[in-house]
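Subject: A structure for you to look at

Hi,

Here is the structure I said I would pass on. Open it next to this email and follow along as you read.

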Amino acid sequence: MLDLISPHAILPNLKAGNKKQALQEMSRKASELTGQHERAIFDVLLERERLGTTGVGHGIAIPHGKLSSLDRVHGVFARLERPIDFDAIDEQPVDLIFLLLAPEQAGADHLKALARVSRLLRDQSMCEKLRGAESGDAMYALLTQHEPSPSN
């Protein structure tokens, strides 16, 4: 995870009333981190959501997209102040969102990053710790402390 996310890429108490607002706020943060246009990031995320929700269940969403001008995979993590409807597959509201952006040509790297994030957030105890963390720094420490083994 250290290669995907930085301490500056954590939004510990994101205020958003709906899915679109959450994606807009996260696009703004991703824009700061990557130097990409906020609108380009938002558009690629919305385009992906139209294909099918990235709300994977258990309060988790992993929106993702590709931009040709990126040099590597970038992540942004947010814990929402209040859970929102994200059209998740289990119809439960979402409060933890891990956004991934990858270069257009990063086929395998993009999929590997998605798999790593998915494995990490499938761990219920990890999600409970993230929900209970006091600060962005605490969340960053949790996200980067334990890389699950590929067998998980």
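Before we start with helix α2, you need one rule: the expected span of a helix is 1.5 Å times one less than its number of residues. Keep in mind, too, that this is a predicted model.

So, how does helix α2 do? It runs over residues 38-51, and its 14 residues should span 20 Å at 1.5 Å a residue; the C-alpha atoms at its ends are 21 Å apart, which agrees. Now turn the helix around and look for the side that faces inwards. Ile41, Phe42, Val44, Leu45, Leu46 and Glu49 are the buried residues of α2. These buried residues pack against α1 (19-34), β4 (64-67) and β6 (94-103). Just after α2 you will meet Gly52, with a positive phi of about 160 degrees.

How far can you trust the picture? The mean pLDDT of the protein is 93, and 95% of its residues reach 70 or more. The place to be careful is residues 148-152, where pLDDT stays under 50. For that stretch the model has 6 contacts beyond four places in sequence. Where pLDDT is low, the predicted coordinates should not be read in detail.

Next, the charges. Side chains of opposite charge can pair when their charged atoms come close. The count here comes to 11 salt bridges, and some of them sit within a helix. An α-helix has 3.6 residues a turn, so residues three or four places apart point the same way. Here are three pairs to find:

- In helix α1, Glu32 and Lys29 are 3 residues apart, about one turn of the helix. They form a salt bridge, with the closest N and O atoms 3.3 Å apart.
- In helix α2, Arg39 and Asp43 are 4 residues apart, again about one turn. Their closest N and O atoms are 3.0 Å apart in a salt bridge. Arg39 is exposed, at 54% relative accessible area, while Asp43 is partly exposed at 32%.
- In helix α4 (residues 124-132), Arg131 and Glu128 are 3 residues apart, so about one helical turn separates them. Their side chains meet in a salt bridge of 3.4 Å, N to O. Arg131 is partly exposed at 23% relative accessibility, and Glu128 is partly exposed at 47%.

Let's go back to the α1 pair for a moment. Is Lys29 buried or exposed? The cut-off for buried is under 20% relative accessible area, so Lys29, at 17%, counts as buried. Leaving out residues up to four places away in sequence, Lys29 touches His8, Leu11 and Val76. Its partner Glu32 counts as exposed, at 58% relative accessibility.

There is also a network of salt bridges that links Lys15, Glu81 and Arg82. And have a look at Lys19: its charged end sits over the ring of Phe86, 4.9 Å from the ring centre.

Finally, two residues with an unusual label in my notes, both in loops. His58 is not a glycine, yet it has a positive phi of about 60 degrees. You will find His58 in the loop between β2 (55-57) and β3 (60-61), and at 55% relative accessibility it counts as exposed. Glu91 is another residue other than glycine with a positive phi, near 65 degrees. Glu91 lies in the loop between β5 (74-84) and β6, and it is exposed, with a relative accessible area of 70%.

Have fun with it!

Technical notes: Residues are numbered from 1 along each chain as its sequence is written. This is a predicted model: local features need pLDDT of at least 70, side-chain atom pairs count only at pLDDT 80 or more; totals for chains, interfaces and linings use all residues. Side-chain values use heavy atoms; hydrogens and water are left out. Helices (H or I, at least four residues) and strands (E, at least two) are DSSP runs, numbered from the N terminus. Buried means under 20% relative accessible area, exposed over 50%, partly exposed in between (1.4 Å probe, protein chains only). Contact means heavy atoms within 4.5 Å. pLDDT is the predictor's confidence in each residue, from 0 to 100. A charge sits over a ring if NZ of Lys or CZ of Arg is within 6 Å of the ring centre and within 35 degrees of the ring normal. A salt bridge is a side-chain nitrogen of Lys or Arg within 4 Å of a carboxyl oxygen of Asp or Glu.
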